[in-house]
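Please walk me through this structure in the viewer, one selection after another, and say what is found at each stop.

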Amino acid sequence: MVVVVIIGVLVAIAIPVYNSVTQTAAERAHDANARTLKGAASVWYAENSATATFPATLIDGDGDPQNDFEDYIDGELPTIPDALTGGGGDYEVSVSATGQVTVIPDVGTY
């Protein structure tokens, strides 16, 4: 009986710790994704500012990259971590005529 109580206490402690670790990992992954998208959009702006129409939408929120933006990302376009939204989702990325990059949701927005 004592063993069952001890296991119950350990499980009661482990589940909240696991949930916290999972949430923190998802937040850090999101921040890294947003920074990656900002960097790629800045490179896109540097190479295309002379010929592009602004404001330029590089990803419109449905995961469909425009203006060949996927060429500026190594691999697949990142998506919002499932643990933050309950089902993932896509980022929106746009660039203004002055080179200001906007990523929605941005770093630190959970």
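The tour below starts with the whole chain and then moves through selected elements and residues.

**Whole chain.** Keep in mind that the model is predicted. Show the protein as a cartoon: there are 2 helices and 3 strands, and from the N terminus the order is α-β-α-β-β. Turn the view to the principal axes, along which the C-alpha trace spans about 75 × 20 × 20 Å. The radius of gyration is 20 Å, where a compact globule of 110 residues would have one near 13 Å. Switch on the surface next. The protein exposes about 6,800 Å², and 56% of that area comes from carbon and sulfur atoms. Of the 110 residues, 24% are buried. As for contacts between residues at least 6 apart in sequence, 63% of them link residues at least 24 apart.

**Helix 1.** Select residues 2–48, which form helix 1. This helix has 47 residues and covers 69 Å from its first C-alpha to its last, close to the 69 Å expected at 1.5 Å a residue.

**The nonpolar patch.** Now select M1, V5, V9, I13, V17 and V21, which make a nonpolar surface patch of about 620 Å². An α-helix has 3.6 residues a turn, so residues three or four places apart point the same way. Pick V17 from this group; V17 belongs to helix 1. Is V17 buried or partly exposed? V17 counts as partly exposed because its relative accessible area is 47%, which lies between the limits of 20% and 50%.

**The buried residues of helix 1.** Select A26, H30, D31, N33, A34, L37, A40, A41, W44, Y45 and N48, which are buried in helix 1. Which elements do the buried residues of helix 1 pack against? Colour strand 1 (56–60), helix 2, strand 2 (92–95) and strand 3 (101–104) to see these partners.

**D31.** Centre on D31, a residue of helix 1. D31 counts as buried because its relative accessibility is 11%, and the limit for buried is under 20%. Leaving out residues up to four places away in sequence, D31 touches V107, G108 and Y110. For a sense of scale, draw a distance from D31 to V4: these residues are 27 apart in sequence, and their C-alpha atoms lie 41 Å apart in space.

**Helix 2 and A83.** Move to residues 82–85, which are helix 2, and pick A83 there. A83 is partly exposed because its relative accessibility is 40%. What does A83 contact, apart from neighbours within four places in sequence? The contacts of A83 are T22, Q23 and A26. Of these, A26 also appears among the buried residues of helix 1. Add E27 to the selection: 56 residues separate A83 and E27 along the chain, while their C-alpha atoms are 8.5 Å apart.

**Two cis peptide bonds.** Go to the loop between helix 1 and strand 1, where P55 lies. The peptide bond from F54 to P55 is cis, and its omega is near -5 degrees. Then go to the segment after strand 3, where P105 is found. Here the peptide bond from I104 to P105 is cis, with omega near -5 degrees.

Notes. Residues are numbered from 1 along each chain as its sequence is written. This is a predicted model: local features need pLDDT of at least 70, side-chain atom pairs count only at pLDDT 80 or more; totals for chains, interfaces and linings use all residues. Side-chain values use heavy atoms; hydrogens and water are left out. Helices (H or I, at least four residues) and strands (E, at least two) are DSSP runs, numbered from the N terminus. The radius of gyration is taken over C-alpha atoms; the globule rule is 2.2 Å times the number of residues to the power 0.38. Buried means under 20% relative accessible area, exposed over 50%, partly exposed in between (1.4 Å probe, protein chains only). Contact means heavy atoms within 4.5 Å. Accessible areas come from the Shrake-Rupley method with a 1.4 Å probe; for residues, only the protein chains shown count as cover. Patches are made of residues with over 30% relative accessible area and no salt bridge: like charges are joined within 9 Å, nonpolar side chains (Val, Leu, Ile, Met, Phe, Trp, Tyr) within 5 Å. A salt bridge is a side-chain nitrogen of Lys or Arg within 4 Å of a carboxyl oxygen of Asp or Glu. The expected span of a helix is 1.5 Å times one less than its number of residues.
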